[in-house]
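Here are a few exercises to work through with the model open in your viewer. Try each one before reading its solution.

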Amino acid sequence: MTDVIYSLFSTPVYCSKIELSDKENNFITNQKFERTTVDNGNRSKNTYILNSKQLKKLKQKIEDKIEIYVREHLKINKKCKFYITNSWIMEHEKNDYAQSHIHSNSILSGVLYVKTPLNSGNLNFHSDKHNYSFLGATLKLEYDSYNILNCNQWTIAVEEGLIVLFPSNTYHSTEKCCNDEKRYCLAFNIFVKGELGSKEDTVKL
């Protein structure tokens, strides 16, 4: 048998691209915002933004990406229906950021980057094993190079039109915006309904 590495029980993070129209872009960036309670960004007052008629086509594009993620990659049966619950816009000014956090009351979460000026901050995903990579909290080692198997943080370079989908219990953060121009992204949560489980333990939602 040849040598093999199994990347077991990994966190499936899906990245793709969506093209936004100028009208969609303008609608998103011209929302009414209020400062977050932790004072690190501005959140749209509308927390169901994807229900807006102006974003009907964009919502369908996002739903199409969700279907690819859960059916083609996660292989989830079509008896389970995934739907977007809440959705909002984040506006980050210079020195704003997003602290490491998870999303409650959802199964999957996602973010679509709308406006990403140079040095406006990348997206980071964090290990939940006390930030000590694959060894948990037992040892902290020095590595010659970091890869998907030994890292405790993984960075995704953001760009306009990038959509990222991930399990809601995955810790993630956004780096500080270092540009005078504002960064905008559309965040959303996803839940499930339908028939869950096997014949022995089926639950209908």
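**Exercise 1. Find the loop that holds Asn105, and decide whether Asn105 is buried or exposed.**

Solution. Start with the location: this is a predicted model, and in it Asn105 sits in the loop that runs between S5 and S6. Next, the backbone: phi of Asn105 is near 60°, a positive value in a residue other than glycine. Last, the surface: a relative accessible area of 74% is over the 50% cut-off, so Asn105 is exposed.

**Exercise 2. Do the same for Asp39: which loop is it in, and is it buried or exposed?**

Solution. Look between strand S2 (33-35) and strand S3 (42-44), and you'll find Asp39 in the loop there. Its phi is again positive, near 60°, and Asp39 isn't a glycine. With a relative accessible area of 51%, Asp39 counts as exposed.

**Exercise 3. Take helix H2 (residues 56-73): how far does it reach, and what do its buried residues pack against?**

Solution. First, the span. H2 has 18 residues, and going from the first C-alpha to the last covers 25 Å, close to the 26 Å expected at 1.5 Å a residue. Second, the buried residues: these are Leu58, Ile62, Lys65, Ile66, Tyr69, Val70 and Arg71. A bit of background helps with that spacing: an α-helix has 3.6 residues a turn, so residues three or four places apart point the same way. Third, the partners: the buried residues of H2 pack against strand S1 (14-17), helix H1 (22-29), S4, S6, strand S9 (162-167) and S11. Finally, step past the end of the helix: H2 is followed by Lys75, which has a positive phi near 60°.

**Exercise 4. How many disulfides are there, and why does Cys185 not form one?**

Solution. Searching the whole structure turns up zero disulfides. For Cys185, check the closest cysteine sulfur: it belongs to Cys177 and is 11 Å away, too far for a bond, given a cut-off of 2.5 Å. As for its surroundings, Cys185 is buried at 8% relative accessibility. Cys80 is buried too, with a relative accessible area of 13%.

**Exercise 5. What lines the second largest pocket, and which strands supply the lining?**

Solution. Begin with the volume of the second largest pocket, about 560 Å³. Of its 26 lining residues, Arg43, Trp88, Met90, His101 and His103 are the closest to the centre. Now sort the lining by type: 12 residues are nonpolar, 12 polar and two charged. Then trace the strands: S4 (80-92), S5 (98-101), S6 (108-115), S10 (171-174) and S11 (183-196) each supply at least two lining residues.

Terms used: Residues are numbered from 1 along each chain as its sequence is written. This is a predicted model: local features need pLDDT of at least 70, side-chain atom pairs count only at pLDDT 80 or more; totals for chains, interfaces and linings use all residues. Side-chain values use heavy atoms; hydrogens and water are left out. Buried means under 20% relative accessible area, exposed over 50%, partly exposed in between (1.4 Å probe, protein chains only). On a 1 Å grid over the protein atoms alone, a cavity is a set of points where a 1.4 Å probe fits but cannot get out, and a pocket is an open set with protein on both sides within 12 Å along at least five of seven lines; lining residues have an atom within 4 Å of a point. Grid points are joined across faces, edges and corners, and a volume is the space filled by probe spheres set on the points. Helices (H or I, at least four residues) and strands (E, at least two) are DSSP runs, numbered from the N terminus. Ala, Val, Leu, Ile, Met, Phe, Trp, Tyr, Cys and Pro count as nonpolar, Asp, Glu, Lys and Arg as charged, and the others, Gly among them, as polar. The expected span of a helix is 1.5 Å times one less than its number of residues. Contact means heavy atoms within 4.5 Å.
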